[in-house]
Amino acid sequence: WRVIDSHIRTQLNKYIGNVQIDLIGEDRWKQYATWRRKTGKGRSGGRVSDGTIRDESATFRSVMRFAASKRYIRESQMFRGKLLVDKTKREEFTAKEYNKLHTYARSWKEKGRNKEKLWYREVIYNFILIMCGTGLRKSEAASLRWSDCSLQHDSDERSFVIMNVWGKGKRRQLVAGKNVWEYLERIKKISKSKSKNDYVFTTYVGEQSRTLYGRTIRKLLDESGLLFSSSGSRRSTYCFRHTFAVFALARGVDVYLLAEQMGTSVKMIEEHYGHVSAVKNRSQILKGLRSWDYPEERK
């Protein structure tokens, strides 16, 4: 609700002004994207993204739908056209960028100015490894507790991690390699919150981290030269989830299994990651994964 409220207060009220709602036509809604690009900035202060404009336009349409349900406007006044903004492109890392980030982050985490800074950098380093190794959503990571994570063994004595995560209003399970358990153990070793009901990703004092270190991660991406993708889009924490998806597809993971792992639909996977070619990227991706899953090989 805070996001919706922000759309209305900071942008839509400014765009509509004092125009009565029953005088707002669909043409006004269709012109919103052009107005927004000319007059506004994105949430991070830079160029507003197509994704942000899509979200705000969707809120605009929802307000009109609500008005129609309350009979403030006629049903015929609801916006029925398609949004005129392209869907947000998922900005994953390429294998080369992935290795570059890892190389930079390994030395970056050792350069904190004090004990607290060093603590955050160590946690963030392992947080990135976990996110790229599981495909977790930010909301799922924020609500993850130690009791949600367990190390299991199959009939061939292979070890793997099971996570019970909460996101999009429901519970689901995902699996991850044994290396993810090692990253979790590194965090737990230095955490001030270690009981089974404590959160995995916390602040320095042991409280749940609601921001998931977003500001520091942006600084890390900026310092490593990876804040912006080749298309000029600003990356965020979500790029780790997208990287997991692209690398999995490039390794030949079945789209149905990947959709279940990520808690999304096959349609979404096909729409946003259909550009991945396993034949084209296989050698690069596998090389990139080895470097991150087993960093000791780089020593």
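## Reading helix pairs and a hairpin sheet

Colleague: Where do I start with this one, and what share of contacts in the protein between residues at least 6 apart in sequence join residues at least 24 apart?

Modeller: That share is 63%, where contact means heavy atoms within 4.5 Å. Bear in mind that this is a predicted model, in which local features need pLDDT of at least 70, side-chain atom pairs count only at pLDDT 80 or more, and totals for chains, interfaces and linings use all residues. Residues are numbered from 1 along each chain as its sequence is written, and side-chain values use heavy atoms, with hydrogens and water left out.

Colleague: How many helices and strands does the protein have?

Modeller: There are 13 helices and three strands. Helices (H or I, at least four residues) and strands (E, at least two) are DSSP runs, numbered from the N terminus. Of the 299 residues, 43% count as buried; buried means under 20% relative accessible area, exposed over 50%, and partly exposed in between, with a 1.4 Å probe and protein chains only.

Colleague: Now the sheet. In what order do the three strands run?

Modeller: Strands pair if DSSP finds at least two bridges between them. Here the order is E1-E2-E3 in an open sheet, with antiparallel pairing. E1 and E3 (170-177) are the edge strands, each pairing on one side only. From one strand to the next, the twist averages 30°.

Colleague: Which residues can I use to line the strands up?

Modeller: Try valine 161. Its bridge partner in E3 is alanine 176, and valine 161 is also the E2 partner of leucine 151. E1 (residues 149-153) and E2 (residues 159-167) share five bridges, while E2 and E3 pair over eight.

Colleague: What links E1 to E2?

Modeller: The two form a hairpin with five residues between them, and glutamate 157 in the turn has a positive phi of about 65°.

Colleague: On to helix packing. What describes a packed pair?

Modeller: Two things: the angle between the axes and the distance between the axes. The axes are lines fitted to C-alpha atoms, for helices over the stretch in contact, and angles run from 0 to 180 degrees between N-to-C directions. Take H6 (residues 115-134) and H8 (residues 178-190): their axes come within 9 Å and cross at roughly 155°. That makes H6 roughly antiparallel to H8, because angles over 145 degrees count that way, with under 35 roughly parallel, 65 to 115 roughly perpendicular and the rest oblique.

Colleague: Is the H6 and H8 crossing left-handed or right-handed?

Modeller: Left-handed: the near helix is turned anticlockwise from the far one by less than a right angle, whereas clockwise would be right-handed. The contact residues divide into 11 nonpolar, three polar and two charged. For that count, Ala, Val, Leu, Ile, Met, Phe, Trp, Tyr, Cys and Pro are nonpolar, Asp, Glu, Lys and Arg are charged, and the others, Gly among them, are polar. On the H6 side, look for Trp119 and Phe127, among others; on the H8 side, Tyr183 and Leu184 are among them.

Colleague: At what angle do H3 and H4 pack?

Modeller: H3 (residues 32-39) and H4 (residues 50-69) pack at about 130°, with their axes 10 Å apart. That makes H3 oblique to H4. The crossing is right-handed. Tyr32, Ala33, Arg36 and Arg37 in H3 meet Asp50, Thr52, Ile53, Glu56 and Ser57 in H4. Those contact residues split into three nonpolar, two polar and four charged.

Colleague: Finally, where is serine 265 found?

Modeller: In the loop between H11 (255-262) and H12 (266-273). Serine 265 is partly exposed, because its relative accessible area is 35%.
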